[in-house]
Amino acid sequence: MADEHHIVAIEALHCPIPQFDIPGPHTREVHRWTNPSELPSRLKDATIAITTTIKLSAETLSAEVTPKLRLIVIMATGTDCVDIAAASARGITVCNCPGSNIDSVSEHAIGLYFASRRKFIELHNATVAVPEDPSLDTEWKTNGSLLSRVRLPSGKAPSLCSDETVGIIGYGMLGKRIETLAKALGMKVIIAERKGVSPRAGRVGFEDALKQSTVVILCLPRSAETLNMLSTAEFQMMSSHALLINVARGGIVDENALLDALKRHEIAGAATDVYVKEPAGRGDSPLLSPEAASLNLVLTPHLAWYAERTLHNLEASCKVTVEKWCIGQTINEVD
């Protein structure tokens with residue numbers, strides 16, 4: 001007789017939760033959002049838990065809190081929301097949905113490049129800023145041009161794609177897709193080796209990649225080894241013409257160091273879709289502070305992944321992962 005399963009989705013805010021076709025009886029409980037204090041009551045009878053960003057800590061994964069839990073499916077590529085070691089210690093299988101958002105995130109990364117290199121937000125705000133005083137007019141009308149706003153700190157005009165060298169840090173599926181898009185735009189692409197490792201064939205040493213790149217794009221997982229990978233010393237290595245684009249995870253970039261680097265014009269600009277603390281609000285990030293408002297800094301709220309195709313991919317991947325596991329075939333397991 002097939003096992004009976006109680007499937008609990010604790011975070012349906014981002015993506016629809018599929019119906020499951022599994023052998024034997026099962027129940028399906030879906031919550032739009034779950035606060036940390038609600039996790040014990042909602043997961044106490046769960047055999048299968050589905051999350052996206054809500055953290056499942058070692059405490060939550062203890063036998064006292066989740067005694068029946070056997071499978072966790074993360075409806076995302078990133079897996080840092082789950083304490084993998086704690087799950088493994090209890091024999092709980094952890095799976096994710098790899099590759100589901102590659103197209104969306106890679107296109108978003110390229111969009112962030114254009115927005116920061118061409119200063120779209122600053123130009124938009126200046127263009128539409130019509131003074132309330134009827135005797136005054138817009139900056140564009142008054143000065144005849146806004147080209148001074150799009151210049152680099154050096155005074156030079158912005159580069160074209162064919163003049164850029166893109167350094168990709170993180171060469172998984174996402175890094176490879178960004179490489180394809182960047183090359184299609186005429187950019188030179190270099191692939192950075194892991195920090196502190198001698199470069200293998202086809203890669204450039206980490207520090208050399210920072211020095212050579214005019215655009216650095218981060219697309220690597222967050223881990224103990226990658227926390228604050230880019231901080232003061234790394235920004236000082238970069239060209240004053242360089243941009244930093246982060247579509248990876250918050251915490252890989254030291255946010256205070258980034259703000260300082262922008263203020264000192266050590267780099268020309270930055271764009272990020274991810275933050276140390278999410279959702280980010282008042283007091284959560286120096287990148288949201290008033291002193292960041294005048295900098296060439298483009299911020300989006302961790303939505304690079306969001307596209308209709310991504311939703312379809314996540315739903316399909318979650319469904320097949322659960323259904324395969326229930327018949328003894330584990331796929332997409334996180335090491």
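In this predicted model, strands β3 and β4 run parallel and are joined by 4 bridges. Strand β3 also pairs with β1 in the parallel sense, over 3 bridges. Helix α11 has buried residues that are covered by, among others, β1, β3 and β4. The largest nonpolar core, of 46 residues, draws at least three residues from each of domain 1 and domain 2.

**Strands β1, β3 and β4**

- Between β3 and β4, I50 stands opposite V73 of β4.
- Between β1 and β3, V8 has A49 of β3 as its bridge partner.
- Side chains leave β3 in two directions: I48 and I50 point one way, and A49 and T51 the other way. These four residues are all buried.

**Helix α11**

- Helix α11 covers residues 308-326, and its end C-alpha atoms are 28 Å apart. This agrees with the 27 Å that its 19 residues should span, because each residue is taken to add 1.5 Å.
- The buried residues of α11 are T310, L311, L314, S317, C318, T321, V322, E323, W325 and C326.
- Residues three or four places apart on an α-helix point the same way, because there are 3.6 residues a turn.
- The cover over the buried residues of α11 includes the strands β1 (5-9), β3 (48-51), β4 (71-74) and β5 (93-95), together with helix α3 (102-117).
- After α11 comes G328, which has a positive phi, near 85°.

**Strands β6 and β7**

- Strand β6 (residues 165-169) and strand β7 (residues 188-191) run parallel and are joined by 4 bridges.
- G167 stands opposite I190 of β7.
- Helix α7 (residues 173-184) forms a right-handed β-α-β unit with β6 and β7.

**Nonpolar cores**

- Within the largest nonpolar core, the residues with the most contacts are F20, I50, V166, I178, V247 and V322.
- That core takes at least three residues from domain 1 (5-96 + 309-327) and at least three from domain 2 (102-119 + 158-299).
- A second core, separate from the largest, has 31 residues, including L218, A242, Y275 and L297.
- Setting aside neighbours within four places in sequence, V247 is in contact with V105, A109, L112, L174, I178, L218 and C219.
- I50 is one of the residues with the most contacts inside the largest core, and I50 is buried in β3.
- V322 is also among the residues with the most contacts in that core, and V322 is one of the buried residues of α11.

Note on methods
Residues are numbered from 1 along each chain as its sequence is written. This is a predicted model: local features need pLDDT of at least 70, side-chain atom pairs count only at pLDDT 80 or more; totals for chains, interfaces and linings use all residues. Side-chain values use heavy atoms; hydrogens and water are left out. The expected span of a helix is 1.5 Å times one less than its number of residues. Buried means under 20% relative accessible area, exposed over 50%, partly exposed in between (1.4 Å probe, protein chains only). Contact means heavy atoms within 4.5 Å. Two strands pair if DSSP finds at least two bridges between them. A crossover is right-handed if, with the strands pointing away from the viewer, the path from the first strand over the helix to the second runs clockwise. A nonpolar core is a set of buried Ala, Val, Leu, Ile, Met, Phe, Trp, Tyr and Cys residues joined through side-chain atoms within 4.5 Å. Domain bounds come from an automatic or database domain assignment.
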